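User: I'd like a close look at how the aromatic rings are arranged in this model. Start there, then work outward to whatever surrounds them.

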Amino acid sequence: VQLQASGGGLVQAGGSLRLSCAASGSIFGVNTRAWYRQAPGKQREFVAIITSGDNTNYGDFVKGRFTISRDSAKNMVYLQMNSLKPGDTAVYYCWANVRGITYWGQGTQVTVSS
């Protein structure tokens, strides 16, 4: 399974971005998808997760600003990020658990200017 994240960029505080994660390979069957992020000098932290049954959960810091969604037919997962803050600046990584095996994609940089 390969994961390819895209959609990062530079945005002003209060703006929005939509990240995408494309999965390829043997991703058929039950799978859980998620987003993590890592800011400079900090540990990687959980952002959002969506199960194959479309149950979702978010990191405490999200506070209703982000929405994770998926298009299973296209093996895509999205992260809609609104009301972005400078503290959201980080490299965002997509993650998948496919039949008990976890995979990471390369990151996409999100920079929020004040």
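Analyst: Start with the aromatic cluster, which is made up of Tyr36, Phe46, Trp95 and Trp104. Before going further, keep in mind that this is a predicted model: local features need pLDDT of at least 70, side-chain atom pairs count only at pLDDT 80 or more, and totals for chains, interfaces and linings use all residues. Residues are numbered from 1 along each chain as its sequence is written, and side-chain values use heavy atoms, with hydrogens and water left out.

Now the rings. Phe, Tyr and Trp rings (the six-membered one for Trp) pair if their centres lie within 6.5 Å; planes under 30 degrees apart are stacked, over 60 edge-to-face, and the rest tilted. That rule gives four aromatic pairs. One of them is Tyr36 with Phe46, edge-to-face, at 5.7 Å centre to centre and with 70° between the planes. Tyr36 belongs to strand 4 and Phe46 to strand 5, so to speak two distant parts of the chain, ten residues apart. A strand here is a DSSP run of E, at least two residues long, numbered from the N terminus. Phe46 is partly exposed because its relative accessibility is 25%; buried means under 20% relative accessible area, exposed over 50%, and partly exposed in between, using a 1.4 Å probe and protein chains only.

Phe61 and Phe66 make another pair: their ring centres are 6.4 Å apart and their planes sit at 80°, which means edge-to-face again. Both of these residues are buried.

Phe66 also leads us into the nonpolar core. A core is a set of buried Ala, Val, Leu, Ile, Met, Phe, Trp, Tyr and Cys residues joined through side-chain atoms within 4.5 Å. The largest one has 28 residues, and the members that touch the most others are Trp35, Val47, Phe66, Leu79, Met81 and Tyr92. At least two core residues come from each of strands 1, 3, 5, 7, 8, 9 and 11, and strand 9 gives the most, with five. As background, nonpolar side chains in soluble globular proteins tend to be buried together.

Tyr92 is a handy place to see the neighbourhood join up. Contact here means heavy atoms within 4.5 Å. Leaving aside neighbours within four places in sequence, the contacts of Tyr92 include Tyr36 from the aromatic cluster, Phe66, Trp35 and Leu79 from the core, and Arg37.

Arg37 is where the charges come in. A salt bridge is a side-chain nitrogen of Lys or Arg within 4 Å of a carboxyl oxygen of Asp or Glu, and the whole structure has three of them. Arg37 meets Glu45 at 2.7 Å, N to O. The two ends sit differently: Glu45 counts as partly exposed because its relative accessibility is 32%, while Arg37 is at 6% and therefore counts as buried. Arg37 also bridges to Asp88 at 2.9 Å, N to O. That one spans 51 residues, from strand 4 (residues 31-38) to the loop between strand 8 and strand 9, where Asp88 lies. Asp88 is at 2% relative accessibility, so Asp88 is buried too.

Asp88 has a second partner, Arg65, with the closest N and O atoms 2.7 Å apart. Arg65 lies in the loop between strand 6 and strand 7, so this bridge ties together parts 23 residues apart in sequence. Arg65 is buried as well, because its relative accessible area is 9%. Through shared partners, Arg37, Glu45, Arg65 and Asp88 end up in one network.

Several of the strands mentioned above belong to a sheet. Two strands pair if DSSP finds at least two bridges between them. Four strands form an open sheet in the order 1-3-8-7, with antiparallel pairing. Strand 1 (2-6) and strand 7 (66-71) are the edges, each pairing on one side only. Within the sheet, six bridges join strand 3 (residues 17-24) to strand 8 (residues 76-81), and Arg18 stands opposite Gln80 in strand 8.

Last, a backbone detail from the loops around strand 8. Most residues other than glycine have a negative phi. Asn75, in the loop between strand 7 and strand 8, has a positive phi near 55°. Ser83, in the loop between strand 8 and strand 9, is also positive, near 50°. Ser83 counts as partly exposed because its relative accessibility is 41%.
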